[in-house]
Every structure is written in C-alpha cells, then in structure tokens.
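Notebook open, coffee poured. Today I want to go through the pocket, the chain contacts and a lysine I had flagged.

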Amino acid sequence: MVTINGKKYDFSNITIYRVLEKLNYNIERVVVEKNENIVPKANYDEVSIQDGDVLEVISFVGGG
Amino acid sequence: MDLRDELNPANVLLSKRKQGEFNSFISREELDEALAERHGKDLQKKFQNAKVAICGLGGLGSNVAVALARAGVRHLHLIDFDQVDVSNFNRQQYFVSQLGKNKTESLSDTLLQIYPYLEIKTDTVKITRENIHDLLKDELIICEAFDKAEQKAMLVEEVLRQFPDKYLVSASGMAGKKSVNEIKTRKITNHFYLCGDGVSDLAEGDGLFAPRVMAAASHEAMAIISIIDEIY
C-alpha cells in the first residue's frame, strides 16, 4: 500500500504520472513529494512508487 | 531578452531620485523609532536585516509588498515582467497614473512613499525554471505571488528542490465571494507555508475581489514576519 496525502491506496509499481492521472490531478498544477523528497515534474513518468512509499501532492489553483 | 534591472542605469537613478523625494518628510531615525514603538526594538532590528524576494507583483505581491514596507522590512526584491493594466485596479496596489508603466517601477515608487529607506531591488523579468537560481539566490525568504496555478506549482517545486534551506511562502485559492474566514495559513514544513483556502480557483463568473485577495496576501505577509522573527 502507498500513502497519498494521508490516505492509503493499493497502487504499486506504477509511475507517479499514472498515479496523478488515476487520481485526476492536473499534472501542471501540482508539486509532488515522495518520501519527503521533491520529485521534479520532468521525472514523473520515470519515477515509480512502491509499497510503503509516502506521497504528498500539493495542488495549486489560479488567482492572485 | 532577460536583462537584470540592476544592469540598467536608468533604474538605479530613478529609485535614488524617488528616495531623495520622500526622505525629506521624515528622518530614518524618527521613522525607525516609531516602528520600534509599535513592534519592539528586537523585531525592528530583525526587519532592518531581513531580505525578502516577492515573485509576482499582482494582487498578492503588491499587497504583500505594501504590508512588509509598512512593517519596515528593509530589503525587498520585487520581480515581475508585467506593466500596470486597467484589469489590475480592482485588487492590486496600483494607481491610474501608473497605467502602462512597469509594475516593478510603479510599486517601488509607492513603497518609497511609505518607507523611504527601503533597499529595493527590482527585476522586470518573467521567472522561469532556468533563471530561478540566479534570481533568487540572495534572499532567504521567498514569497510566491503569481496568479497562474502552473506558475505557482513551478516556483514552489523549484524553490523547494533547489533551495531547501530557504523559506517559502505561497498562496493558492482566493477567488470568488465566499467568506474570508476560509483563507488560512498552513505550515506544511518548517520551510514552507501555504496560504489561501486551497480550492477557490479563478473561473468564469468567479472573479477576484480585493478583500479575499488581500486576506491571502496578509496571510503571506504575516507568515513572512513570523519567519523573520524566527530566523534573524
């Protein structure tokens, strides 16, 4: 199981890109941290998540 | 072309002239003493040493800058490529006399009327992944004050990744007419604060109102003041 923003999911061996897609995040509007390290956007489709990983996904909205 | 403002002699002359214009009203000692009476000598000293970069000078950035100038936070680095536009007046700290002028220059003028002894650095450039390292290397505290969600995400990612020792304050979610009570500050880590309601996206029919935007900017400014108190 992986933990994403505090909730557990039964994902494993998929890329961060796929996780974001599955959870309906807008790729261009998020910042992702895996096990307390920022994952650069350019690496989303190369980095995969494994059992026990903890992801934090911060979503931004427009206006300012 | 990406030309840093400090390399443009016209910019340096302008701010020196403006500074000369307003420091005749009150001496630095008198002003600093008045500020120290309001928030204490210790904090006043910290504000004199603090350096803050404000990325984006729109509804968020211009209001953050005014709040920090009023506190006497002395070193402000203002970054925005844009000019003052008619669409700005509903929430941004600009005046009709400034239409068409660079936001960097216009905001500097305004800030110097509040605290003539500010040390203002400006960069009239668009912030990109490529120039972030060079632009933001001198300030310990970075304020994300963009309007586009994609730009916010880009800046937050690059600052957290490239400068993990710096302090970052960002804001997301302030559109619409919902209660201002929903604007909050979340301390995500010791080095990263996120203000706003987190969800209210700018959309068709859901515009930006000064009270909500200024509230988000106030949260950012207050987070910055807390950080200054902690680290200086």
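**Entry 1: the pocket.** I began with who contributes to the lining of the second largest pocket, and strand 6 of chain B gives the most, with 5 residues. Note to self: this is a predicted model.

I then pulled the volume, and the second largest pocket holds about 440 Å³ of space. Its lining counts 24 residues. Those nearest the centre are A:Val57, A:Ile58, B:Arg186, B:Ile188 and B:Leu194, so I have both chains in my list of names. Looking at elements that supply two or more lining residues, I get strand 4 (30–34) and strand 7 (54–59) from chain A, plus strand 6 (184–189) and strand 7 (192–196) from chain B. By class I wrote down 10 nonpolar, 7 polar and 7 charged residues for this lining.

**Entry 2: chain B against chain A.** How many residues of each chain are in contact? I count 27 from chain B and 16 from chain A. The area buried between the two chains comes to about 1,700 Å², with 64% of it on carbon and sulfur atoms. On the chain B side, B:Ala149, B:Glu150 and B:Glu157 lose the most area to chain A, and together they make up 28% of what that side buries.

Next I checked polar pairing. The interface has 8 residue pairs in polar contact, both partners at pLDDT 80 or more. Which elements of chain B give two or more residues to the side touching chain A? I find helix 4 (59–71), helix 7 (149–162) and strand 7 of chain B. Helix 7 of chain B has the largest share there, 8 residues. Sorted by class, that side of chain B has 13 nonpolar, 6 polar and 8 charged residues.

**Entry 3: salt bridges.** I ran the search over the whole structure and got 17 salt bridges over all chains. Across the interface of chain B and chain A the rule finds 3. A reminder I jotted in the margin: side chains of opposite charge can pair when their charged atoms come close.

I looked up A:Arg29 and found a salt bridge to B:Glu150, with the closest N and O atoms 3.1 Å apart. This pair crosses between chains: A:Arg29 sits in the loop between helix 1 (16–22) and strand 4 of chain A, while B:Glu150 is in helix 7 of chain B. A:Arg29 also meets B:Asp201 in a salt bridge, 3.1 Å from N to O. B:Glu150 had already turned up in my notes, among the residues of chain B that lose the most area to chain A.

**Entry 4: B:Lys187.** Where is this one? I place B:Lys187 in strand 6 of chain B, the element that gives the most to the pocket lining. Leaving out residues up to four places away in sequence, B:Lys187 touches B:Phe192 and B:Tyr193. Its side chain makes a polar contact of 3.4 Å with the side chain of B:Asn190. I also took a C-alpha distance: B:Lys187 and B:Val169 are 18 residues apart along the chain and 9.2 Å apart in space.

Key: Residues are numbered from 1 along each chain as its sequence is written. Chains are lettered from A and ligands numbered from 1 in the order in which they are written. This is a predicted model: local features need pLDDT of at least 70, side-chain atom pairs count only at pLDDT 80 or more; totals for chains, interfaces and linings use all residues. Side-chain values use heavy atoms; hydrogens and water are left out. On a 1 Å grid over the protein atoms alone, a cavity is a set of points where a 1.4 Å probe fits but cannot get out, and a pocket is an open set with protein on both sides within 12 Å along at least five of seven lines; lining residues have an atom within 4 Å of a point. Grid points are joined across faces, edges and corners, and a volume is the space filled by probe spheres set on the points. Helices (H or I, at least four residues) and strands (E, at least two) are DSSP runs, numbered from the N terminus. Ala, Val, Leu, Ile, Met, Phe, Trp, Tyr, Cys and Pro count as nonpolar, Asp, Glu, Lys and Arg as charged, and the others, Gly among them, as polar. Contact means heavy atoms within 4.5 Å. Buried area is the accessible area (1.4 Å probe) that two parts lose on being put together, summed over both. A salt bridge is a side-chain nitrogen of Lys or Arg within 4 Å of a carboxyl oxygen of Asp or Glu. A polar contact is a pair of N or O atoms within 3.5 Å; within protein, one must be able to donate a hydrogen and the other to accept it, and residues adjacent in sequence count only if both atoms are side-chain atoms.
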